[in-house]
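This report describes one predicted protein model together with its ligand. The account starts from a single loop residue and then widens to the surrounding elements.

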Amino acid sequence: MTASKIRRLPSFVVERIAAGEVIDRPASVVKELVENALDAHARSITLRLLRGGKQAIEVIDDGDGMSGGDLVLSLERHATSKLEGDDVFSVRTLGFRGEALASIGAVASLQIDTRREKSDHGWSISMDYGVCDDIKPCSTAKGTRVLVESLFGKVPARKAFLRSDGAEKAAVIELVRRLALTRTDVTFRLEDEKRKVLNFEAPDPTLEGGSDEDRLQKRIAQVLGTEFTENSVTVSAEREGFRVWGKVSLPTYHRANGMAQHVIVNGRVLRDRFLLGAVRGGYADLLASGRFPVVVLFVAIDPDAVDVNVHPTKNEVRFRDPSHVRGLIVSALRDTLRGHLGTSTTLSERLSTAFSQAPMARGSFSSSRHTPAAPHPRRTSISSQGIGSKALRDSLAPPSVPIPETTKTNDAQVGEDAQAISLAPEADPTTQMTAQPVIDAEFSDKPLGRAVGQVHSNYVISESKEGLYIIDQHAAHERLVYESLLRSIKDNKVERQILLVPEVVSLDADAIDRLLEHKEMLAQFGLVFEAFGPGAITISEVPSLLRKARFSELMRDLADEVQAQGSADLLEKRVNEVASRMACHRALRSGRLLKHEEMNVLLREIESHPESSQCNHGRPSYVFLGLDEIEKLFGRR
Ligand code: ADP
Ligand code: MG
């Protein structure tokens, strides 16, 4: 008889295997702890990280806290306060599996201090890699503080998979941003060893500005920036008890990757392929390929119609009726976005205010530039109309027209001229416009029509069949130069520079391996390097755009990045940044007087590159005023 081959695993091994399903890096610890705090009705959550969370993660909340008895139970696997009855299929809290704290305690050193509001003291417990201590009374504020130290300290196989401190921290930041979008009524703070990294204050509910909509606006601006709020539109749709709402970017405002797409289902942030696919469907043929919209989309659905218990990390869900969900998301996005490609009422409203105020301002005309009511092309949300619409895009000429080169002009001269025009008290603001009522056949089929003239040495006015355009020459041209720089990268015509003396950069072996894995892809960007002994690389060629970069920093970030995202997005971002700066220097300046032919070349160039309807900074580079709107302004309609 042979000895039995099967043996029961020791319980600490079982624990660690189970833990691996939930906890794989600092960000997943943070996710579980923040979800617990939210389930405990916290109004404010403060997080601290040491070494990206590898050394320590601290989460402090002001929620319900736990009694001593519950504290002991909280560390037991499959112990939860969140399932009433046994129905795991209609869950209303974020947690419910009762395994996060047990898992964390199995692979780290864990300490929890907690106090319920009515108790005169709190309780503290600790667990060290699966070994639990007795609970002790302690003094602590109402709520719960969880400290997780030395994650995977005794689990080397898992520790080896952790990334650099910076990359782990970046993942936590990204996660906290996402979580902060789900709960606009909760304050989120994140600190590292040096500074406050994030501070998303929730407005005081007793004060004004506390409506759901106000709070959402404020939080979105905090998390995604005001540039996004200025370039986004509100989506809202409902069908059969299923609701979709949020803010989505205009097709002219996009990113190089999909990281800024946030879909929140019943308060749960997800990285769900199915849902992101539906978002893509909503933007189909409105967005250049390889570009991604910025989206904050909330989905509210009957909890019985969605299964959140698909995966231990709860990052994915399963819908009972997926095609219904997809259909509503796609049509909500599509209808909203198409609606905004049409004529804008905002501009005509602004214009009617501006025009009706103009006579009063006439006495002090020289300062009219500063009149707040003046129609300013920035901040309107209609940049993409006309030329962005598919019908017009289809009729566009191929991109063959050269970008007008800055011709020799005496800038000082031009500057004075421009001043003279705008300051002359009697001057008509349309001084330089020459009226020509008929559009020549040559221009009649051009979306941007015929250049009529230039005002204030920066705005080109053009007349099309449908109305008139005001084009910001600097913004438009800057975008054109920028895109042509990026195209050269994409078409593999990147200008590169061979370094006379190869640059040696020392890196850890791990980072070098990762970079070498992506060597070919990086070479496409013009970055050529070789391994150089065990702890260094030599760089022999660099993209000219980046010749002034600090290479040790660049290569280290790239090594992190290729692991974090499996691509060199970071390089692309850097290239984009540099391209953008160069474009600004190369572009037509505002203040330069343009000849008629030059204006028309600019118009044709913009037409063949629809993306130039928005400048690199997300502002529109031209605006359109329809003939019908003009007629409305004069009371003819
Ligand atoms: P789950 O969240 O799935 O129930 P956890 O292991 O994350 O499982 O937590 C176990 C239990 O501990 C929870 O059900 C809850 O009762 C309690 N708990 C955990 N964190 C907190 C907290 N921050 N505040 C109050 N109670 C908490
Ligand atoms: Mg939990």
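His41 is exposed in this predicted model because its relative accessibility is 54%, where exposed means over 50% relative accessible area, buried under 20%, and partly exposed in between (1.4 Å probe, protein chains only). The residue sits in the loop that joins α2 to β1 (44-50); helices (H or I, at least four residues) and strands (E, at least two) are DSSP runs numbered from the N terminus. Although His41 is not a glycine, its phi is positive, at about 65 degrees.

**Basis of the model**

Residues are numbered from 1 along each chain as its sequence is written, while chains are lettered from A and ligands numbered from 1 in the order in which they are written. The model is predicted, so that local features need pLDDT of at least 70 and side-chain atom pairs count only at pLDDT 80 or more, whereas totals for chains, interfaces and linings use all residues; side-chain values use heavy atoms, with hydrogens and water left out.

The mean pLDDT of the protein is 77, and 76% of its residues reach 70 or more; pLDDT is the predictor's confidence in each residue, from 0 to 100. In residues 342-346 the pLDDT is below 50, and this stretch has eight contacts in the model beyond near neighbours in sequence, a contact being heavy atoms within 4.5 Å. Residues 356-437 also have pLDDT below 50, with 120 contacts in the model beyond near neighbours in sequence.

**Overall organisation**

The protein contains 21 helices and 23 strands. Of its 637 residues, 48% count as buried. Among contacts with a separation of 6 or more, 69% are between residues 24 or more positions apart.

**Helices α1 and α4**

Helix α1 (residues 11-22) has 12 residues, which should span 16 Å at 1.5 Å a residue; the end C-alpha atoms are 17 Å apart, in agreement with that value. The expected span is 1.5 Å times one less than the number of residues in the helix. Ala18, Ala19, Gly20 and Val22 are the buried residues of α1, and they pack against α2 (26-39), α4 (100-107) and α5 (156-159).

Helix α4 is mostly covered, as eight of its eight residues are buried. They are Ala100, Leu101, Ala102, Ser103, Ile104, Gly105, Ala106 and Val107. Their cover includes the helices α1, α2 and α3 (68-74), together with the strands β3 (109-115), β4 (122-128) and β7 (143-149).

**Ligand 1 and Asp39**

Ligand 1 is surrounded by 19 residues, of which Asn36, Thr80, Ser81, Lys82 and Gly98 are the closest; a residue is near a molecule if one of its heavy atoms lies within 4 Å of it. The table gives polar contacts of ligand 1 and of two buried acidic side chains. A polar contact is a pair of N or O atoms within 3.5 Å; within protein, one must be able to donate a hydrogen and the other to accept it, and residues adjacent in sequence count only if both atoms are side-chain atoms.

| First atom | Second atom | Distance |
|---|---|---|
| Lys82, polar side-chain atom | ligand 1, oxygen atom | 2.7 Å |
| Gly98, polar backbone atom | ligand 1, oxygen atom | 2.7 Å |
| Leu101, polar backbone atom | ligand 1, oxygen atom | 2.9 Å |
| Asp39, polar side-chain atom | Leu94, backbone nitrogen | 2.9 Å |
| Glu598, polar side-chain atom | Lys595, backbone nitrogen | 2.8 Å |

Asp39 lies in helix α2 and is buried, with a relative accessible area of 16%. Leaving aside residues up to four places away in sequence, Asp39 touches Lys82, Thr93, Leu94 and Gly95.

**Residues 457 to 598**

Ser457 occupies the loop between β17 (450-455) and β18 (459-463). Its relative accessibility is 1%, and therefore Ser457 counts as buried. The phi of Ser457 is near 50 degrees, a positive value in a residue other than glycine. Ser457 and Arg592 are 135 residues apart along the chain, yet their C-alpha atoms are separated by 5.8 Å.

In helix α16 (residues 509-517), the residues Ala511, Ile512, Arg514 and Leu515 are buried. These residues lie on the same side of α16 because they cover an arc of only 165 degrees around the axis, the arc being that of the directions from the helix axis to the C-beta atoms.

Glu598 belongs to helix α20 (residues 596-608). With 11% relative accessibility, Glu598 counts as buried.
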